Structure formats: structure tokens, C-alpha cells
Amino acid sequence: MPWEDIKLNDGRKIPGISFGTSRHSGDTVSTVDEAIHAGFNSLDTAQIYKSENAVGQAIKESGIPRKELWITTKWSGLKNAKESIKDSLNHLGVNHVDLYLIHFPAVAKDDIPGSWAHLEEFKKLGYTKSIGVSNFEISHLKELLHHAKIKPSVNQIPFHPNILAKQEPLIKYLQENEIAIEGYSPLAPLWQDGAGAPVLKAVKSLASKYNVPEERILLAWTRSKGVIPVTSSSTKSRIESFIAAGDLTLSDEDIKSIDKAGYKAFLLTELKKSLINGVKWFTVAGLVTYFAVRRYS
């Protein structure tokens with residue numbers, strides 16, 4: 001396989017790219033089946049996605065042995081921890097998952113150590129082989145690590161060039177603590193950016209240079225940052241393109257060009273937010289002044 005496995009801090013190896021099932025149109029079962037047969041051996045779902053049944057059915061119908069697939073699901077807080085993992089295993093039709101994550105810090109309800117203890121128990125009971133978190137920031141991770149008996153193997157976070165500047169400190173912290181990084185929405189610039197946006201412009205240029213679809217450039221860039229992309233599509237040709245992206249290696253110059261575009265995009269976004277907030281402040285201030293004048297005039 002072109003996408004190399006990544007070694008986790010618990011000694012296990014996770015595939016270098018994962019197929020997400022959080023959102024896509026069409027028949028989820030057939031889409032997941034296409035992903036499996038295209039070469040995806042890592043499937044990502046969650047309690048809140050309502051796609052666990054479809055993933056389980058696709059796995060069963062694929063004929064691929066369970067041991068050849070990596071299944072990730074998440075505790076999203078719809079039920080308590082024990083009910084949630086049992087429901088997930090039942091929906092998926094398996095006796096264990098490969099990776100179980102706390103979907104976001106709010107699931108812990110201000111008790112990160114207590115919530116993490118449940119996952120440590122699930123690992124010991126064999127419900128999951130590896131455990132981790134999703135959408136955790138540095139402050140959440142520090143609290144968890146201070147109390148954890150088992151270190152998280154993975155933190156799954158949003159990651160693409162437009163938010164590189166924001167996520168870099170978190171990426172550095174995770175790498176320093178040997179916690180693998182999965183990045184979802186790696187292709188966001190393709191549907192977020194308008195014509196002429198810095199990142200999209202850089203990606204289009206490199207896609208032309210290498211004569212490949214734009215998504216391959218972004219996936220190769222994501223891998224260059226030490227991040228495992230979690231991506232999705234309901235289109236067979238794009239699913240196959242995701243796998244083919246494993247054969248693409250960008251030069252240092254290429255990577256820097258996307259980084260630079262990402263920093264610029266982030267700066268422009270922050271500037272726009274500041275301007276909008278400034279307008280709101282002046283509008284509110286103006287209204288307060290207006291009504292005050294009217295009241296005392």
C-alpha cells in the first residue's frame with residue numbers, strides 16, 4: 001500500500017489514511033464498500049454520526065477479514081460511556097474496535113480524568129485495542145496526561161492549510177508527547193475557498209505542476225506535516241484518487257509554498273473577523289449613544 005502505517009505510542013500501527021463517514025451524500029453502505037475495495041483499510045465513524053450500522057454492514061458485505069481493517073469510533077456523549085461503547089460494538093457488528101475516542105472535551109462534562117478512566121477500562125476489557133481523544137486542545141491534554149495511567153494514542157483534530165497557523169502549537173505539543181495526529185477536513189480549502197484564495201491558488205498551481213487532482217496535493221501536504229488525513233467522498237473516482245495520493249511526495253519548496261499561503265489565509269481571516277467585530281462594536285456604541293441622547297434630550 002502507498003500509504004505507510006504509523007506506529008502509535010502503544011506499539012500498534014494505524015493506517016496512514018482513513019475514510020470518514022461523518023458526512024456524504026448517497027448510500028453510506030455502498031460508499032464505504034467502495035472505499036474498502038479502493039484500498040481504504042481504516043474506517044472512521046462515531047456515535048453521533050449515525051453511520052455505525054452502515055459501516056458494520058459494509059464491512060460484513062465486503063468479505064474482507066476483520067483483522068485486515070482498522071475501525072475507529074467515538075463516544076459522542078449521547079449515552080454514558082459503558083452504554084455507548086456497547087451500542088457502538090453492536091451497531092458495527094464487532095467484538096472490539098481498533099481505536100475508541102472521546103469525541104470532544106464537552107463529552108467529559110468537566111471530568112476529563114473520570115471520563116478517560118472509562119476508556120482505560122475499555123482497553124483492559126478488550127472492547128478497544130487503542131484509546132484516544134478528538135478535538136482536545138493543549139489545556140485539555142495537560143489535564144488528561146496529569147491523571148492518565150494510559151497515554152492517549154491519538155488526537156483527532158481539524159487540520160488543513162487555512163488553519164495551519166492556529167494548529168501548529170497543538171501539533172508541536174502532540175508530537176513532543178508522542179501522540180499521533182489524525183486530521184479531519186484536510187480538503188476544506190477546495191470547498192471553503194473562493195477563486196483567488198491563497199491556498200486554493202497554491203494548490204491549483206501544484207496540481208498543474210504534477211498533473212494530478214487538487215485533492216492529492218492537499219493529502220500529500222497533510223502527510224508531510226506528520227498528520228494522518230481523515231477524508232471522505234461519495235464519488236468513486238475521488239475515493240480512488242485519495243488512495244493514489246499516497247504515491248505523491250511534494251518537495252520542500254512545494255510544502256513551504258502551501259504553508260505560506262496558509263499563513264496568509266489565516267491572517268486575512270483574522271483581519272476580517274477583527275473588522276467585523278469592530279463594526280459591531282461601533283454599531284452598538286452608536287446605538288447606545290443614540291438612545292442615551294434621546295432619553296435625556
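**A closed parallel barrel in a predicted model**

In this predicted model, strand β9 (residues 180–184) and strand β10 (residues 227–231) are paired in the parallel sense over four bridges. Within this pairing, G183 stands opposite P229 of β10. Helix α6 (residues 164–176) packs on the sheet and touches β8 (154–158), β9 and β10, with a direction that makes about 170° with that of β8. The two strands belong to a closed barrel of eight strands in the order β3-β4-β5-β6-β7-β8-β9-β10, with parallel pairing. Direction ignored, neighbouring strands of this sheet are turned by 30° against each other on average. Strands of a sheet in general pair through backbone hydrogen bonds, in either a parallel or an antiparallel arrangement.

Confidence was examined for the protein and for its elements. The average pLDDT of the protein is 93, and 92% of the residues score at least 70. Among the elements, strand β7 (residues 128–134) has the highest mean pLDDT, at 99, whereas helix α11 (residues 252–296) has the lowest, at 75. Where pLDDT is low, predicted coordinates should not be read in detail.

The pairings from β5 to β9 were then followed along the chain. Strands β5 and β6 run parallel and are joined by four bridges, with L101 in β6 as the bridge partner of K74. Between these strands the chain crosses through α3, and the resulting β-α-β crossover is right-handed. Strand β6 (residues 97–102) is largely enclosed by the rest of the structure, because six of its six residues are buried. On to β7, β6 is joined by five bridges, and the two strands run parallel; here L99 stands opposite S130 of β7. The connection from β6 to β7 passes through helix α4 (residues 112–125) and is a right-handed β-α-β crossover.

Strands β7 and β8 pair in the parallel sense over two bridges, and S134 stands opposite Q156 in β8. The chain passes from β7 through α5 to β8 in a right-handed β-α-β crossover. Four of the five residues of β8 are buried, so this strand is largely enclosed by the rest of the structure. Five bridges connect β8 with β9, and these strands run parallel; N155 stands opposite I181 in β9. The crossover from β8 to β9 leads through α6 and is right-handed.

The nonpolar interior was considered next. The largest nonpolar core contains 67 residues, and those with the most contacts inside it are F40, I102, L119, I217 and L250. Beyond its neighbours within four places in sequence, F40 is in contact with I17, S18, F19, A35, L69, T231, I239, F242 and I243. Apart from this core lies another, of eight residues, including L99, L101, A180 and I228. In helix α10 (residues 236–244), the buried residues are I239, S241, F242 and I243. The buried residues of α10 pack against β3 (18–20), α1 (28–38), α9 (214–224) and β10. Three of the buried residues named for α10, namely I239, F242 and I243, are also among the contacts of F40.

Individual residues were examined in α3 and in the loops. S88 is located in helix α3. At a relative accessibility of 2%, S88 falls under the 20% cut-off and therefore counts as buried. Leaving aside its neighbours within four places in sequence, S88 is in contact with E52 and T73. K79 lies in the loop between β5 (70–75) and α3 (81–92). With a relative accessible area of 42%, K79 is partly exposed. Outside its neighbours within four places in sequence, K79 contacts Q47, S84 and D87. The C-alpha atoms of K79 and I112 are separated by 16 Å, and these residues are 33 residues apart along the chain.

Positive backbone angles were also found in residues other than glycine. K109 is located in the loop between β6 and α4, and its phi is near 50°, a positive value in a residue other than glycine. K109 counts as exposed, because its relative accessibility of 67% is over the 50% cut-off. N135, in the loop between β7 and α5 (138–147), likewise has a positive phi, of about 65°, although it is not a glycine.

How values were computed
Residues are numbered from 1 along each chain as its sequence is written. This is a predicted model: local features need pLDDT of at least 70, side-chain atom pairs count only at pLDDT 80 or more; totals for chains, interfaces and linings use all residues. Side-chain values use heavy atoms; hydrogens and water are left out. Two strands pair if DSSP finds at least two bridges between them. Axes are lines fitted to C-alpha atoms, for helices over the stretch in contact, and angles run from 0 to 180 degrees between N-to-C directions. Contact means heavy atoms within 4.5 Å. pLDDT is the predictor's confidence in each residue, from 0 to 100. Buried means under 20% relative accessible area, exposed over 50%, partly exposed in between (1.4 Å probe, protein chains only). A nonpolar core is a set of buried Ala, Val, Leu, Ile, Met, Phe, Trp, Tyr and Cys residues joined through side-chain atoms within 4.5 Å. A crossover is right-handed if, with the strands pointing away from the viewer, the path from the first strand over the helix to the second runs clockwise.
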